Amino acid sequence: MKGLAPAFLCALAFAAVSDPEPGIPYFTHVRDVTIATTDRQNYLVVDSDVWAHARPDLADLRLYDGTNQVSYELRTELAGTSSQEAEAKILNLARRADHTEFDLDVAPVTEYNRIRLVLDRKDFLVTASAEGHDTLVGGAEAPWPSPSTLFDFSRENLGSNSTITLPTWSFRYVHVRLSPGILPAEVKRATVAHLEERTALWTDAGTCRVGDQQKRSTVIACDIPPRTPIDRIEFDVPATKANFRRAVSIADEKGVQFAAGSISRIRMNRGGTAVDSEDLAVTVFSHHAGTFTITVDNGDDPPLTFHAIRPQSLERRLYFEPQGKANLKLYYGDEKLAAPVYDYAKFFREDAGVAQAQLGTDTQNPAFTGRSDDRPWSERHRLVMWAAMLLAVLVLAFLAIRGLRSEDAIKRN
C-alpha cells in the first residue's frame, strides 16, 4: 500500500510520446515544385508564404515525390569571408624625395591579396602602389597598376581605410610606395592576408515609408509580412548626395531598440587623390517584427532624401537532387515536427551548375487532417492527476495516523 501511490504518480508524470514522425496529412500547406533541370542539382528559394505558415526555424519543410521524402539541405546564403592575417616584416623604411617607401617580407605566407598598414596618423588621404618581387634585390617583378586609396577622415567623422588591395600574389617581397602625406616614422606595422569573399544574396521583404520629419531626425515606418525575418535595411540615397554619415536606430512597435548602425557615402578629393566609398545598409540579425520604426539622426544637417528603403532577408535556399523528376511537392505547417536528418546534408556540396526550381501557389493541403492529441497522458488528464495526487495525500495521511496510533498502543502495553 505504501508504494502504490508514489508508483502511480510517477507513471502518470513521466508518461510521454516519442518525437512526431512526418506525414502528408499533418502539413497545413503545400506547394508544387517545378524542376528547372531534371539531371542536376536544383534549389528553391523560401518566400514570404513559406515563412507565414512554416515553423520559424523552417524545421517542418519536407519535399515529397508522391509519398516518398526527397532529401535536401537548407542553407542561408550568407556573405562569406575567409582570411588568416599574418605579420609582415618592414624593411628599408625610408623617405625618398617627398614620399615614403618600404619593403615587406611576407614569409612564411605563400598567398595573399590584402596588405593592412597600421599608421600613426589622422586626417590624411594618400595612395599606395605595390610591386611584387621574388628576391629583395631584383628578381621577378609584378607592379600592380591600380593604386589603393588610404584615408582617415577623423575630423569629418567619416571613417578610415588603410588596406592595400591586390590580386592573389605569391611573391615573398612587396615594395610599397606611399604618395606624399605619410612620414616613415608613422608606418608602425603591416600585416598580409588572403581574403576570400562570397557575396550574400538578399530578398526584399516588406515596405517602408517616410513619416514625420522631426527637428533632428527622420522617422520611417516599416511593415513586414507575418513571421518573415529581417536581416538588414538597405537605403537608396540619390547619387547626387555625398559626404554624409548618419546614425540609424531601429525599434519595434513597443519602442524597444533592436538594431543600430550608420549609413554613409564619401566622395572627396585632396591634392589630386580621390576617395569614393559608401555603406548604405544596416544589419538587423534576423529579427521577426511585423512592424517597426527606423529613426535617422540628421544632427543639424538637412534630412536625407530616399528613393527607397528596403527591408531585406538573407535568401534561404533548399538544395536537392531531383533524380530525373520534373515535379515535386513542398509541404510545411506542422508545428510539432523536428528538423530532418539526411545523409545528403552531411555530405552536401553546391554544384557549379545548380538550377533554380520554381514554387507554385501556396495552398492549403487538401489531405490535411491534423495530428491526434499526442500530449503526455498527464497533460491530457489534469483533473485525474489532481485527483490522484489528492488521493495519495489522503492515503499517506491515513498511514501516518495509523502508525502513530500503533506506537501509542505499544507504549501503553
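**View 1. The buried cysteine C208 and its disulfide partner in a predicted model.** In this predicted model, C208 has a relative accessible area of 18%, and it counts as buried because this value is under 20%. Its partner C222 is also buried, with a relative accessible area of 2%. The sulfur atoms of C208 and C222 are 2.0 Å apart and form a disulfide. The count of disulfides comes to one.

**View 2. The geometry and placement of the link between C208 and C222.** The angle about the S-S bond is 110°, and the link of C208 and C222 is right-handed. C208 belongs to strand β20 (residues 207-213) and C222 to strand β21 (residues 217-223), so the disulfide ties together parts that are 14 residues apart in sequence.

**View 3. An open sheet of four strands.** The strands follow the order β5-β29-β2-β31, and their pairing is mixed. At the edges stand β5 (72-76) and β31 (355-356), each of which pairs on one side only. β5 is joined to strand β29 (residues 316-320) by five bridges in the antiparallel sense. Within this pairing, E73 stands opposite Y319 of β29.

**View 4. The exposed residue V341 and its spatial relation to Y72.** V341 is found in the loop between β30 (327-332) and α3 (343-346). Its relative accessibility is 69%, and V341 counts as exposed because this value is over 50%. How far apart are V341 and Y72 in sequence and in space? The two residues are separated by 269 residues in sequence, while their C-alpha atoms are 9.3 Å apart in space.

Conventions:
Residues numbered from 1 in each chain as written. Predicted model: local features only at pLDDT ≥ 70, side-chain atom pairs only at ≥ 80, totals over all residues. Heavy atoms only, no water. Helix = DSSP H or I, 4+ residues; strand = E, 2+ residues; numbered from the N terminus. Buried < 20%, exposed > 50% of the residue type's maximum accessible area, 1.4 Å probe, protein only. Pairing = 2+ DSSP bridges. Disulfide = S-S within 2.5 Å.
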